Structure formats: structure tokens, C-alpha cells
Protein chains: 2
Amino acid sequence: MNRLAPALLQPRKAPRQARSAVTIDAIHTATIQVLLAEGVSRLTTTRVAVRAGVSVGTMYQYYPHKQALLFAIVERQLQSITAAMVTAAERLMGQDLATVAEGLALAWLDAKTADRVASLAIYSIAAEFDLGEVMGRTMRQMTEVIAALLAGATDARGIDPEVAAFMLAAMLGGSVRVVMETGSSDDDLARLRRELPRACQAYLAAVN
Amino acid sequence: MNRLAPALLQPRKAPRQARSAVTIDAIHTATIQVLLAEGVSRLTTTRVAVRAGVSVGTMYQYYPHKQALLFAIVERQLQSITAAMVTAAERLMGQDLATVAEGLALAWLDAKTADRVASLAIYSIAAEFDLGEVMGRTMRQMTEVIAALLAGATDARGIDPEVAAFMLAAMLGGSVRVVMETGSSDDDLARLRRELPRACQAYLAAVN
DNA sequence: ACCTGAACACCGTTCAAGT
DNA sequence: ACCTGAACACCGTTCAAGT
């Protein structure tokens, strides 16, 4: 559970010449390709280097270690999901709680299932390295967005936006993850798509 | 993502003499100790062997590979949680939906937080190896137990026990996992303990 | 300023040899 | 019937040497 200072997980240096920007991008792409083609267990620094067309040494000039490589990918994926949720939030601002709940649930499901392979890859990386921190940060961001949405809902009365947003984020994030990870059939996902909005709506109605 | 046939994950042979039963137990205990003391990344076959007081070769006589070691631990943990839920289910049989929902949520939280370190260790192992299958099986068992409970509830009317149980299992399993994994404070857990039962109750009420 | 790749320490797994 | 531990293939990481 060795927790690394965030600084250590960033790329080691910024590209100063054009060719190194190319190199850094090639490494990034190669990592994803190897991950999807061979799985985590076969994701090797050498394999990534070969695929990227550089030597291992070069890779270590940009990423201090393997974790940093994976960290970069996870972060990009999480950011794209966050962005999707922010977009959804803008659309949902000033609606009533039922609409907000449904909108959030569907947006979350869409974002997660859009690139299901990538999402699964993320999950499979998440535990091997210490990604709790990054995921925690993402979840806190999400909670803030949701809280603002709840506070601004037309029919918000007795609801505590902080508390309700926390619970909603846990429900969304957790249920989708569990279903996706446990060898879910398409049926299961369809089921989740029907039931998750209802669950969110029911919870919000109950605490309002 | 190499999926192994379940048979390969079982201990390689049953102990035929007393000393090998002792050996197998020593290995199992040593694995947990190393896991808790040093973390997944430092969980090494050699380290486990040393701690267990046997040679690496001996370990491989009982567990065909490292995954099998971890698999044994995960399975034991999951079984103990399943057992706790079955006990709770017996107590809740024939109650109304609100009582069932609250009882399930609290039982799940208790089971998971009782040995929080072990649970976290499980999660950290879960993705590194292919434990989706085991976890999926556990979740399906849980869903069955919950479905029976819902079908037998005094005030069950329009509810579809299968569907509602699926959603409930996803909510319980997911939310607790997400909160525990993302560097949760004790405050967060307390919050979850208050909100999760309400969310489950609200959902059941809405679909009944 | 950037890249190379042999070299090092360590890990999972095996198997001939022991009791 | 069970155990040992040197040996093997492979992995992450480094660093002297090159352009």
C-alpha cells in the first residue's frame, strides 16, 4: 500500500523539443494498446517500449516508473468521465429532483459503458497500484457537482445537499462498478439502467 | 485478464498426513500476515514461505501458483460475509420491506467493516488477479438470499423480487466498496450507515 | 537534449535430489 | 509422502555510453 507523493506520478519532464512530445504520445498510446491487447498481467515496460518504438531507457526518462504510465491513463479516463458529468450537470441545473436524479444516473451509465473496455481496464489497474487517492479525489469532485445540482433543484426543501450528494455518488459509482466487474451480462446492464434511476429518485424523494 | 479454470485455483492436493495439514495452515496464515504487514506489492512467494517456515518448493506443492494462495484467502473472507448475511436473512424472514431493507443494509455494513483491513486487502487483490468470477458468484448468492427475503415480506405486493434483489445487491456491495476504497474517513462511514438503509428502504417502497 | 541497451536486483516457478 | 533450494526465465529500473 505504498502511497506515493502525487508529484512522483507525474511525467518526469515536460517535452522541450518536438520529437519528445511525439515520443511521450507514442508511449501513452502504446500503453493503452498493450493493455487492451494483452491484459494487465502482460503489460510490461519492455513490451510497451517495443510497441512505442523506443527503448526502455527512453520511457524512464518521461515516466519515473510503471505506475506513472498507468496513472496517466487512469487520470485521462477519469477526467473524461468527470467532463461528461459536468456537461450533464449544466443541462440539469434548475430542474426538479426527480429529473436531476434520472439525468445523473443515465449520464453516469453512459459515461461508464461508452468505453466499457477502458473502464474495466481502469478497475483492473486500480487496486494493483494505489489509485485510491485519485479515485477519491474524483469522487469528491463528483460529489460537489451533484451537491450544487441538488441545492439548485426547484423542489429542494428539507434535503441536505452535501449528505444526499455523498450517498448518490456512492450509489452511482458503486453499483455500476460492481455490475461491470462481476462478469455482467448485457441483461444485467439493461436492468441497472432501468433500476438505478428509480433508486436515485426514490432516495432523493425520501430525504427531501 | 487470463481467466483460469476454477480447478486450477484450488489447493493442489488434499493433506494425507497430519504434518501437511499443519503446513497448509501455516502457509495460509503466513499469507495473511505478510499481506497485512507489508501490503500486496511486497507479498512475495519467498516472503510467505519464510514466514511460514517452509521452502518455496513446499508451497508450490499445495498451491499451484501465487494466485491460488490469494484466492484461498479471498474465498474464505467472502464465505464469512455470506454466512453473516444468511444469518441476518433468517432473522429478517417474514418482516415488512422497510425492516428487511434496513436489516440488510446494516448487516452488510457490519460484515464489511468488522474486518476492514481484511476487506481492503481483498479489494486490493481483487483486480490484480481475475477475481471477477468469484465475486460474481458471491453476488449471485447474495441476490438469491435477498430475493427470497423480499418475496416473503409481509407487505410485498407489486415488487419483482428478482429485479429488486439485483438492484439492492448492487447498491449495497457498490456503495460500501467505493466508500471504503476511496480513503474514507470515519465520518464517511457513519454517513453511509445512516443513509444506506434509507436509500434501500426508499427504493423498495418505490418499486412495490 | 535526447536516446540506447547491457547490467543488476528481484520475482514466480520448476525439478533433481534428499529424508 | 513430503520437503529442499539452486536454477531458470522474466520483470522493473538504472546508468555509462552514444547521437
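The questions and answers below walk through a predicted model of protein chains with DNA strands.

In this predicted model, local features need pLDDT of at least 70 and side-chain atom pairs count only at pLDDT 80 or more, while totals for chains, interfaces and linings use all residues. Residues are numbered from 1 along each chain as its sequence is written, chains are lettered from A and ligands numbered from 1 in the order in which they are written, and side-chain values use heavy atoms, with hydrogens and water left out.

Reader: Which helix of chain A has the highest confidence, and which the lowest?
Author: Confidence here is pLDDT, the predictor's score for each residue, from 0 to 100. Chain A has a mean pLDDT of 86, and 85% of its residues reach 70 or more. Over residues 1-8 of chain A the pLDDT is below 50, although this stretch has 16 contacts (heavy atoms within 4.5 Å) beyond near neighbours in sequence. The highest mean, 96, belongs to helix α10 (residues 186-207) of chain A, and the lowest, 44, to helix α1 (residues 6-9) of chain A.

Reader: Why should we be careful where pLDDT is low?
Author: It is a good habit to ask this. Where pLDDT is low, the predicted coordinates should not be read in detail.

Reader: How many helices and how many strands does chain A have?
Author: Helices (H or I, at least four residues) and strands (E, at least two) are DSSP runs, numbered from the N terminus. Reading chain A from that end, the elements run α-α-α-α-α-α-α-α-α-α. The count for chain A is ten helices and zero strands.

Reader: What percentage of the residues of chain A count as buried?
Author: Buried means under 20% relative accessible area, exposed over 50%, and partly exposed in between (1.4 Å probe, protein chains only). Of the 208 residues of chain A, the buried part comes to 51%.

Reader: Which residues are closest to DNA strand C?
Author: A residue is near a strand if one of its heavy atoms lies within 4 Å of it. By that rule, 21 residues surround DNA strand C. Of the atoms of this strand that come within 4 Å of the protein, sugar and phosphate account for 72%. The closest residues are T23(A), S55(A), Y62(A), Y60(B) and K66(B).

Reader: Which element gives the largest share of the surface near DNA strand C?
Author: A polar side-chain atom of T23(A) lies 2.7 Å from a phosphate oxygen of this strand, and a backbone N or O atom of S55(A) lies 2.8 Å from one. The elements that give two or more residues are α2 (18-38) and α4 (56-62) of chain A, with α3 (45-52) and α4 (56-62) of chain B. The largest share, four residues, comes from α4(A).

Reader: Which residues come nearest to DNA strand D?
Author: There are 21 residues around this strand, and 73% of its atoms within 4 Å of the protein belong to sugar or phosphate. Polar side-chain atoms of T23(B) and Y62(B) lie 2.7 Å and 2.9 Å from a phosphate oxygen of DNA strand D. The nearest residues are Y60(A), K66(A), T23(B), S55(B) and Y62(B).

Reader: Is T45(B) buried or exposed?
Author: T45(B) is found in helix α3 of chain B, and one of its backbone N or O atoms lies 2.9 Å from a phosphate oxygen of DNA strand C. Beyond four places in sequence, T45(B) is in contact with V56(B), M59(B), Y60(B) and K66(B). Because its relative accessibility is 16%, T45(B) counts as buried.

Reader: Which side chain does Q33(A) join in a polar contact?
Author: Q33(A) sits in helix α2 of chain A and, at 35% relative accessibility, counts as partly exposed. A polar contact is a pair of N or O atoms within 3.5 Å; within protein, one must be able to donate a hydrogen and the other to accept it, and residues adjacent in sequence count only if both atoms are side-chain atoms. At 3.0 Å, the partner of Q33(A) is R51(A).

Reader: What is the relative accessible area of T31(B)?
Author: T31(B) lies in helix α2 of chain B, and a polar atom of its side chain is 2.7 Å from the backbone oxygen of I27(B). Leaving aside neighbours within four places in sequence, T31(B) is in contact with L43(B), V48(B), L69(B), L70(B) and I73(B). T31(B) is buried, with a relative accessible area of 0%.
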